[in-house]
Amino acid sequence: MKWDKIDNEIEYDWYELRCQLSRDNHLKVSLYGLKNQKNIYYLDFGKVLFCRAIDEGWDLNPYEEKFESDEKQPHILDGVLWEVTNSNLKNQIKNHYPQPIHHFQILGINFGLDVISENFPIVIQERL
């Protein structure tokens with residue numbers, strides 16, 4: 001999935017997720033490609049407002065309503081990281097937080113992640 005604001009692309013693969021969350025809520029997520037062992041990415045979200053593990057699959061969040069009719073439901077081939085533009089979770093937090101926020105979901109074979117952040121993540125690919 002390509003993120004225009006950060007000019008990096010995460011290659012399609014099946015990824016195993018590993019997370020590191022510091023005491024001050026700085027989140028780093030490692031993506032380890034299983035089909036292509038050379039696909040190793042690190043997503044650095046910086047300080048996040050909210051993070052939780054959820055079940056894998058594109059229908060990650062069972063509490064979210066179905067996609068609006070004008071929104072195209074993503075397919076697994078589209079990527080492993082995507083921004084949810086209109087979610088109940090984002091709207092609930094936005095009501096109590098004055099800064100602009102983003103809701104991201106990350107797909108992994110072991111679990112998925114919901115992340116609420118002020119910033120886009122920095123995507124770093126480790127070269128082997």
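These notebook entries record what I looked up in a predicted model.

**Entry 1: the β3–β4 hairpin**

I began with strand β3, residues 15–21, and strand β4, residues 26–33. The two strands pair in the antiparallel sense, and I noted 7 bridges between them. For the register I looked up arginine 18, which stands opposite serine 30 in β4.

I then turned to the connection. The hairpin of β3 and β4 has 4 residues between the strands. Asparagine 25 lies in this loop. Which sign does the phi of asparagine 25 take? The phi is positive, at about 65°, although asparagine 25 is not a glycine. I also checked the accessibility of this residue: asparagine 25 counts as partly exposed because its relative accessibility is 31%, and the range for that class runs between 20% and 50%.

**Entry 2: salt bridges**

How many salt bridges does the model contain? The count comes to 2.

I looked first at arginine 18, already noted opposite serine 30. The side chain of arginine 18 meets that of glutamate 16 in a salt bridge, with 2.3 Å from N to O. Arginine 18 has a relative accessible area of 41% and is therefore partly exposed. Glutamate 16 is likewise recorded as partly exposed, at 22% relative accessibility.

The other entry in my list joins arginine 52 to aspartate 114, with the closest N and O atoms 3.1 Å apart. Arginine 52 belongs to strand β5 (residues 40–54) and aspartate 114 to strand β8 (residues 112–117), so this salt bridge ties together parts that are 62 residues apart in sequence. Is aspartate 114 buried or exposed? Aspartate 114 is buried, at 0% relative accessibility. Its partner, arginine 52, counts as partly exposed at 25%.

**Entry 3: a nonpolar surface patch**

I next searched the surface for nonpolar side chains. Tyr12, Trp14, Leu34 and Ile109 form a nonpolar patch there, and together they have about 310 Å² of accessible area. I followed up one member, tryptophan 14, which lies in the loop between β2 (8–9) and β3. Tryptophan 14 has 32% relative accessibility and so counts as partly exposed. This value satisfies the patch criterion, which asks for over 30% relative accessible area.

**Entry 4: aromatic pairs**

The count of aromatic pairs comes to 3. One of them is formed by tyrosine 15 and tyrosine 41, whose ring centres are 6.1 Å apart. What is the geometry of this pair? The pair is edge-to-face, with 70° between the planes. Tyrosine 15 lies in strand β3 and tyrosine 41 in strand β5, so the contact ties together parts that are 26 residues apart in sequence. Both residues are on my list of buried positions: tyrosine 15 has a relative accessible area of 1%, and tyrosine 41 has one of 0%.

I then looked up phenylalanine 104 and phenylalanine 120. These rings also form an edge-to-face pair, 5.9 Å centre to centre and with 65° between the planes. Phenylalanine 104 lies in strand β7 (residues 102–106), whereas phenylalanine 120 lies in the loop between β8 and β9 (122–125), so the pair ties together parts that are 16 residues apart in sequence. I recorded phenylalanine 104 as buried, with a relative accessible area of 0%. Phenylalanine 120 counts as partly exposed, at 23% relative accessibility. Ring pairs also bring in Phe45, which is linked with Phe104 and Phe120 into a cluster.

**Entry 5: cysteines**

Finally, I searched the whole structure for disulfides and found 0. I looked at cysteine 19 in particular: it is in no disulfide, and the nearest cysteine sulfur, that of cysteine 51, is 5.9 Å away. Why does this pair not count as a disulfide? The cut-off requires the sulfur atoms to be within 2.5 Å, and the distance here is 5.9 Å, so the pair does not qualify. Cysteine 51 is in no disulfide either, with cysteine 19 supplying its nearest cysteine sulfur.

I checked the accessibility of both residues. Cysteine 19 counts as partly exposed at 38% relative accessibility, and cysteine 51 counts as partly exposed at 29%.

Terms used: Residues numbered from 1 in each chain as written. Predicted model: local features only at pLDDT ≥ 70, side-chain atom pairs only at ≥ 80, totals over all residues. Heavy atoms only, no water. Pairing = 2+ DSSP bridges. Buried < 20%, exposed > 50% of the residue type's maximum accessible area, 1.4 Å probe, protein only. Salt bridge = Lys/Arg side-chain N within 4 Å of Asp/Glu carboxyl O. Patch = residues over 30% accessible without salt bridge, like charges linked within 9 Å, V, L, I, M, F, W, Y side chains within 5 Å. Areas by Shrake-Rupley, 256 points an atom, 1.4 Å probe, with all protein chains shown as cover. Phe/Tyr/Trp six-rings, centres within 6.5 Å; stacked < 30°, edge-to-face > 60°.
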